[in-house]
Amino acid sequence: MAPYESEDSQSTGRRKVTRYAVPVAVVGVAAATIGLVPALADSGDPDLPKITARQLIDKIATSDTERLSGTVKIHTDLGLPSLGGAATGGLTGGDKGSSSADPKAKLTELASGTHTLRVAADGPDRQKLSVLDDASEYSVIHNGADVWAYDSKSDEAYHAKDTGKKGSAAKGSAATGEHSGKVPVTPKELTDEILKASGDTTSFTVDGTAQVAGRDAYRLQIKPKQSGSTVGAVTVSVDAKTGTPLKVTLSPASGGAAVIDAGFTKVDFGKPAASTFDFKPSKGTKVTEADELPAQDHRGRAPKGAEGLGGLDGMNVIGKGWASVAELKLPGGSQASGLASGSASGDMPADAQQFLNSLGDKVTGKFGSGTVYSTRLINVLITEDGKVYAGAVTKDALVKAADAS
């Protein structure tokens with residue numbers, strides 16, 4: 001099918017645009033996240049009725065899929081060196097009173113490498129997401145008034161009560177995108193994050209058809225119109241019958257392998273068995289209640305001893321759309337200056353410092369001097385006076401934003 005590009009006005013559609021949200025959404029997708037390996041190998045492009053980009057966006061927006069089950073493959077390639085256990089343990093685990101089953105910590109492991117997920121949903125009150133490893137399984141289950149997470153490797157469980165409010169943050173995973181881990185983990189969630197942040201800085205094109213997980217699909221291609229973005233294109237394969245995104249691929253502007261490639265390998269839109277969402281901890285399983293954890297309170301105050309780099313001042317946004325840059329202020333002290341200069345800090349583990357040094361690139365400008373920490377998608381500039389500039393933009397774009405602030 002020949003590509004068809006929408007009019008600029010078509011890009012807004014039903015969605016109210018938040019101008020700074022595209023890079024923030026991409027950060028959430030890339031840094032929380034996942035990238036899914038290509039789903040099943042294509043078995044020939046299906047011959048489907050012609051459709052415009054606006055019609056395809058509307059098809060996604062009006063999709064009423066609430067019941068599904070399937071398998072999703074995850075692969076993320078941000079170009080980060082491996083930190084081994086320090087990548088997650090040093091950032092999310094090891095604190096007294098913490099739980100290895102806490103979704104906020106566990107799901108960050110999807111930020112790199114390849115993972116297999118099993119997902120299921122039956123309306124707004126029942127969802128399940130399982131991360132499958134060779135010899136273990138981690139699951140998050142929402143069933144009515146309860147949200148459970150279970151890590152079979154450590155035999156630990158995490159329990160939270162649903163607020164009982166429709167669409168609450170405790171709900172969802174496979175279909176709604178509102179699982180308690182706050183990490184987009186399915187093509188539907190990824191697509192919603194990207195589309196709701198798109199505006200007149202974005203080009204939409206119908207780029208032919210494909211077959212994903214045995215389903216006929218249209219390919220929606222999303223491209224930044226602005227220069228300076230590290231995002232080359234986002235391609236969404238949309239189920240021709242239901243309007244459900246089946247696969248999402250984010251390609252970097254620099255070329256090469258996809259940074260994020262998300263897709264179902266198997267999908268079924270029938271009603272999952274009720275037993276899918278049952279969970280009861282076994283005798284001997286360590287259970288941690290959510291309100292027992294020393295997590296941030298509702299005012300955003302970090303737990304004692306975790307202030308450090310968490311004490312960021314309010315965010316200012318420079319620019320708009322895909323080229324926008326978030327500006328924040330680090331707390332004073334040796335940590336900020338150490339990060340900016342790339343020098344070691346006595347408070348930072350050696351492997352973490354080595355990790356940061358491998359990403360760092362010294363830069364100067366009207367703003368002074370600092371260090372840019374780069375991945376294939378997200379770049380962060382930390383200046384020696386303690387400011388942070390971050391976005392899905394190039395190093396030159398960060399320096400330009402810092403000079404202009």
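**View 1. W148, Y150 and F279 gather into one aromatic cluster.** Start with W148, which counts as buried because its relative accessibility is 15%, under the 20% limit. Keep in mind that everything shown here comes from a predicted model. F279 is a bit more open to the outside: at 25% relative accessibility, it counts as partly exposed. How many aromatic pairs turn up in this model? The count is two. In one of them, W148 and F279 sit 5.2 Å apart, centre to centre, with 50° between their planes, so the pair is called tilted. W148 belongs to strand β6 (residues 146-151), while F279 is in the loop between β12 (260-268) and β13 (286-289), so this pair ties together parts that are 131 residues apart in sequence. The other pair, Y150 with F279, is tilted too, at 5.5 Å centre to centre and 40° between the planes. Here again distant parts of the chain are linked, as Y150 is in strand β6 and F279 in the loop between β12 and β13, 129 residues apart.

**View 2. Strands β8, β9 and β10 are joined by hairpins.** Follow the chain along β8 (residues 202-212) and back along β9 (residues 215-224): the two strands pair in the antiparallel sense, over nine bridges. Look for V212, whose bridge partner in β9 is R215. Two residues lie between β8 and β9 in this hairpin, and A213 in the turn has a positive phi of about 50°. Now carry on to β10 (residues 231-239), which runs antiparallel to β9 and is joined to it by six bridges. A217 stands opposite D239 in β10. What separates β9 from β10 in their hairpin? Six residues do, and one of the turn residues, G228, has a positive phi of about 95°. If you trace the side chains here, a general rule helps: in a regular strand they alternate between the two faces of the sheet.

**View 3. L220, I222 and V234 touch the most other members of the largest nonpolar core.** That core has 29 residues. Which elements give two or more residues to it? They are α2, α5 (187-195), β8, β9, β10, β11 (245-252) and β12. Zoom in on V234 and, leaving aside its neighbours within four places in sequence, you'll find it in contact with I194, L220, Q221, I222, V248, T249, L250 and W322. Apart from this core lies another one, of 22 residues, including L107, Y138, Y158 and F264. As a general rule, nonpolar side chains in soluble globular proteins tend to be buried together.

**View 4. D47 sits in the loop between α1 (21-32) and α2 (53-61).** Is D47 buried or exposed? It is exposed, because its relative accessible area is 78%, over the 50% cut-off. Try finding Y218 as well: D47 and Y218 are 171 residues apart in sequence, but their C-alpha atoms are 9.9 Å apart in space. Next, look along helix α2, where A53, L56, I57 and I60 are buried. These residues cover an arc of only 100° around the axis, so they end up on the same side of α2. Here's the general idea: an α-helix has 3.6 residues a turn, so residues three or four places apart point the same way.

**View 5. Helix α8 (residues 395-404) has buried residues, among them L398 and V399.** A401 and A402 of α8 are buried as well. Seen down the axis of α8, the buried residues fall within an arc of 160°, so they line one face of the helix. Turn to the other side of α8 and you meet D396, K400 and A404, which are exposed. What do the buried residues of α8 pack against? Their partners are β14 (316-318), β15 (325-329), β16 (360-365), β17, β18 (379-383) and β19 (387-391).

**View 6. S369 is found in strand β17 (residues 368-374).** S369 counts as buried because its relative accessible area is 19%, under the 20% limit. Not counting residues up to four places away in sequence, S369 touches K362, V363, T364, T383 and E384.

Definitions and conventions
Residues numbered from 1 in each chain as written. Predicted model: local features only at pLDDT ≥ 70, side-chain atom pairs only at ≥ 80, totals over all residues. Heavy atoms only, no water. Helix = DSSP H or I, 4+ residues; strand = E, 2+ residues; numbered from the N terminus. Buried < 20%, exposed > 50% of the residue type's maximum accessible area, 1.4 Å probe, protein only. Pairing = 2+ DSSP bridges. Phe/Tyr/Trp six-rings, centres within 6.5 Å; stacked < 30°, edge-to-face > 60°. Contact = heavy atoms within 4.5 Å. Arc of directions from axis to C-beta. Core = buried A, V, L, I, M, F, W, Y, C linked by side-chain atoms within 4.5 Å.
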